[in-house]
Amino acid sequence: MIKKDCISCGSENLSKDEIGINKKLLGEKIESYYCIGCLAEYLGVTEQDIIDKIEEFKEQGCKLFE
């Protein structure tokens with residue numbers, strides 16, 4: 001797997017969940033990704049909101065989080 005870094009802060013090697021939530025919320029065809037903190041700031045929500053959504057999508061069986 002290719003290593004992905006945050007396009008905002010440069011945080012290195014984003015996790016599978018971070019990449020998955022970016023694709024889920026911003027579109028599956030995106031090629032640039034945010035870390036959880038920067039994604040939360042970009043969307044105007046808290047980091048906990050993002051973490052809660054990741055867990056919700058996992059429970060729903062979303063393939064982006066397998």
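**Core packing, ring pairs and salt bridges in a predicted model**

N13 is partly exposed, with a relative accessible area of 44%. This residue belongs to the segment before α1. The backbone of N13 has a positive phi, near 55°, although the residue is not a glycine. The model is predicted, and local features were taken from positions with pLDDT of at least 70.

Helix α1 spans residues 16–26. Its buried residues are D17, E18, I19, G20, I21 and N22. These buried positions pack against two other helices, α2 and α3. After α1 comes G27. The phi of G27 is also positive, near 120°.

The largest nonpolar core was examined next. In soluble globular proteins, nonpolar side chains tend to be buried together. Here the largest such core contains 17 residues. Those with the most contacts inside it are C6, L14, I21, I50, I54 and F65. Three elements each supply two or more residues to this core: α1, α2 (36–43) and α3. The largest share comes from α2, which gives four residues. One member of the core, C6, has a relative accessible area of 5% and is therefore buried.

F65 is among the core residues with the most contacts. Leaving aside residues up to four places away in sequence, F65 touches K16, D17, G20, I21, K24, I54, F57 and K58. Two of these partners, I21 and I54, are themselves listed with F65 among the best-connected core members. The contact list also includes D17, G20 and I21, three of the buried residues of α1.

Aromatic pairs were then searched for across the whole structure, and two were found. The first joins Y34 and Y42. Their ring centres lie 4.9 Å apart and their planes meet at 25°, so this pair is stacked. Y34 is buried, at 14% relative accessible area. The second pair joins F57 and F65. Here the ring centres are 6.1 Å apart and the planes are at 15°, so this pair is stacked too. Both phenylalanines, F57 and F65, are buried. F57 has a further neighbour in K24, which lies over the face of the ring at 4.9 Å from its centre. K24 is also one of the residues in contact with F65.

The structure holds four salt bridges. One links the side chains of K53 and E56, with an N to O distance of 3.3 Å. Both residues lie in helix α3 (residues 47–59), three positions apart, so about one helical turn separates them. K53 is partly exposed, at 33% relative accessibility. E56 is likewise partly exposed, with a relative accessible area of 33%.

A salt bridge also joins E55 and K58, at 3.9 Å from N to O. These two residues lie in α3 as well, three residues apart, about one turn of the helix. E55 has a relative accessible area of 38% and counts as partly exposed. K58 is partly exposed at 33%. The E55 and K58 bridge does not stand alone: D17, E55 and K58 are linked in a network of salt bridges. D17 is one of the buried residues of α1, while E55 and K58 lie in α3. The network members D17 and K58 are both contacts of F65.

Another bridge pairs E66 with K63, at 3.8 Å from N to O. Both E66 and K63 are exposed.

Cysteine pairing was also assessed. A disulfide is a covalent bond between the sulfur atoms of two cysteines. The cut-off applied was 2.5 Å between sulfur atoms. By this rule the structure has zero disulfides. For C6, the closest cysteine sulfur is that of C38, at 3.7 Å, which is too far for a bond. For C35, the closest cysteine sulfur is again in C38, at 3.6 Å, also too far for a bond. C35 is buried, at 11% relative accessibility.

Technical notes
Residues numbered from 1 in each chain as written. Predicted model: local features only at pLDDT ≥ 70, side-chain atom pairs only at ≥ 80, totals over all residues. Heavy atoms only, no water. Buried < 20%, exposed > 50% of the residue type's maximum accessible area, 1.4 Å probe, protein only. Core = buried A, V, L, I, M, F, W, Y, C linked by side-chain atoms within 4.5 Å. Contact = heavy atoms within 4.5 Å. Phe/Tyr/Trp six-rings, centres within 6.5 Å; stacked < 30°, edge-to-face > 60°. Lys NZ or Arg CZ within 6 Å of the ring centre and 35° of its normal.
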